[in-house]
Amino acid sequence: MNTAIIGAGIGGLATALAMRKAGVDAVVYEQASTVGEVGAGLSLTPNAVKALDWLGVGERIRALADEPPQMLTCHYATGEVLVAFDRSDTVQRYGAPYLQMHRADLHRVLLDAWLKQSPDGLRTDRRLIALESNGTPGSSTRLRFEDAAANRHENSAAAVVAADGLKSLVRTQVFGATAPKFGGFVAWRGLVPLAALEGVPLSAGSKVFAGPGRLFVRYPVRRGGLMNYVAFARVDEWQPEGWSQTGTVAEAAALLHGFHPEVHSILAATPEGRCHKWGLFAREPLPEWTRGCVALLGDAAHPMMPWFGQGAASALEDAVILGRCVIASTAESDAPQTEAGLIAAFRRYERTRHARVTLIHHESAAGGERLAGMQPERLRDQPVRNEDSLGLFSYDPVSEALA
Ligand SMILES: Cc1cc2nc3c(=O)[nH]c(=O)nc-3n(C[C@H](O)[C@H](O)[C@H](O)COP(=O)(O)OP(=O)(O)OC[C@H]3O[C@@H](n4cnc5c(N)ncnc54)[C@H](O)[C@@H]3O)c2cc1C
């Protein structure tokens with residue numbers, strides 16, 4: 001069974017590793033010509049680390065990531081601690097650490113692992129422009145690509161996993177267009193060398209400064225070498241979707257007027273050109289993610305608001321569950337993988353994942369409203385309802401029962 005994976009992001013590469021573990025060969029097609037250093041920090045909660053362990057890259061990730069001993073939510077102006085989460089016993093509580101790291105490092109580890117297993121398993125400069133399947137069992141799906149020079153290429157595959165992100169072409173073509181929903185916030189993110197913050201008193205771990213309609217989140221990455229930050233502000237106007245628009249520190253600083261001096265010290269230390277902005281978009285959850293031999297995965301299946309830090313984690317969980325479903329279907333038939341077996345595995349993956357991801361989707365959207373939508377003082381007295389209290393960290397994609 002030759003499988004095409006569209007998109008060499010976190011979800012696509014994790015899926016390639018999972019499919020290989022399940023004995024299915026895959027080729028990953030990526031629109032970018034080079035796989036470079038893009039993005040900034042992201043969170044890998046214990047549920048995500050368990051997935052990375054199963055994929056065989058957990059140790060490398062631990063060596064590159066930061067493990068916050070605590071996470072504080074503070075008053076935006078005074079810096080008073082409103083809510084404190086002790087993360088020092090995370091491994092004992094959940095069986096894996098809570099990590100934060102540069103997206104580029106996570107991406108590089110997954111890519112290296114994949115290319116080591118499959119040196120010819122990645123085609124870059126291949127933007128999928130159309131996908132055709134006549135629905136007849138046994139007939140393969142035709143994939144049309146365009147490269148940067150506008151040359152056309154064609155390939156076929158028995159099965160397709162679309163991990164082509166927020167603006168997934170496959171979702172639109174196969175499952176129907178779903179309009180992006182502006183989440184009401186614009187975010188600025190930046191990376192500041194720790195050396196540039198000398199003299200700024202910084203507590204260990206991660207910190208959120210919460211103000212009405214505005215938030216500032218900061219945590220170290222690159223083993224404390226860089227301070228990663230994201231500033232969120234509620235706005236009325238729509239922004240284009242995308243990860244790498246240039247923003248200016250001045251814009252972010254103006255919107256965070258009145259925030260604690262620590263926030264402004266970090267913003268002011270941002271190196272030239274290292275501040276990016278993006279509008280927060282999500283889409284309504286789809287009722288189904290698989291159709292025949294085509295499956296959606298990661299942001300392509302369930303783009304969500306980032307408040308719970310579960311975007312990458314959910315893509316990694318998807319990949320492990322999909323791999324386990326393929327392994328189970330091969331074991332049940334006691335024969336090499338067939339198209340019918342793969343279709344059954346895709347359906348099982350969707351059944352196993354759908355309820356959890358839909359819950360995260362809705363809760364994450366509500367969580368952002370709670371954090372940025374009220375007087376911050378009230379956070380101190382409100383019962384906490386977040387990714388931790390909802391039990392998301394306890395999930396283990398490796399032992400979760402397949403539906
Ligand atoms: C450039 C970039 C920077 C990011 N930075 C951050 C960050 O700083 N912090 C954070 O928390 N999250 C970030 N994310 C999002 C985060 O990686 C995802 O939410 C999460 O990891 C889920 O991953 P995914 O693989 O489903 O989607 P993505 O990570 O979005 O990967 C999708 C991949 O598909 C490729 N693709 C899209 N369309 C096509 C096509 N037609 N043909 C071929 N390939 C295609 C894209 O180029 C991309 O490589 C970033 C994503 C991207 C793409």
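Helix α10 bends by about 40° at R353, and this feature of a predicted model is a convenient place to begin. The helix covers residues 339-372, which makes 34 residues in total, and from its first C-alpha to its last it reaches 48 Å, close to the 50 Å expected at 1.5 Å a residue.

Stepping back to the whole chain, one finds that its secondary structure consists of ten helices and 19 strands. The radius of gyration is 21 Å, close to the 22 Å that the globule rule gives for 403 residues, and the chain is therefore as compact as a globular protein of that length. Along its principal axes, the C-alpha trace spans about 65 × 50 × 35 Å. Of the 403 residues, 48% are buried, and of the contacts that link residues at least 6 apart in sequence, 75% join residues at least 24 apart.

From here the reader may turn to helix α1, which runs over residues 10-21 and whose twelve residues reach 17 Å from the first C-alpha to the last, close to the 16 Å expected at 1.5 Å a residue. Eleven of these twelve residues are buried, so α1 is largely enclosed by the rest of the structure; a residue counts as buried when 20 or more other C-beta atoms lie within 10 Å of its own. Among the buried residues of α1 are I10, G11, G12 and R20. What covers the buried residues of this helix includes the strands β1 (2-6), β2 (25-29) and β11 (159-162), together with the helices α5 (103-117) and α9 (311-333). After α1 comes G23, whose phi is positive, near 85°.

Notes. Residues are numbered from 1 along each chain as its sequence is written. This is a predicted model: local features need pLDDT of at least 70, side-chain atom pairs count only at pLDDT 80 or more; totals for chains, interfaces and linings use all residues. Helices (H or I, at least four residues) and strands (E, at least two) are DSSP runs, numbered from the N terminus. The radius of gyration is taken over C-alpha atoms; the globule rule is 2.2 Å times the number of residues to the power 0.38. Two residues are in contact if their C-beta atoms, placed from the backbone, lie within 7 Å. The expected span of a helix is 1.5 Å times one less than its number of residues. The bend at a residue is the angle between axes fitted to the seven residues ending there and the seven starting there.
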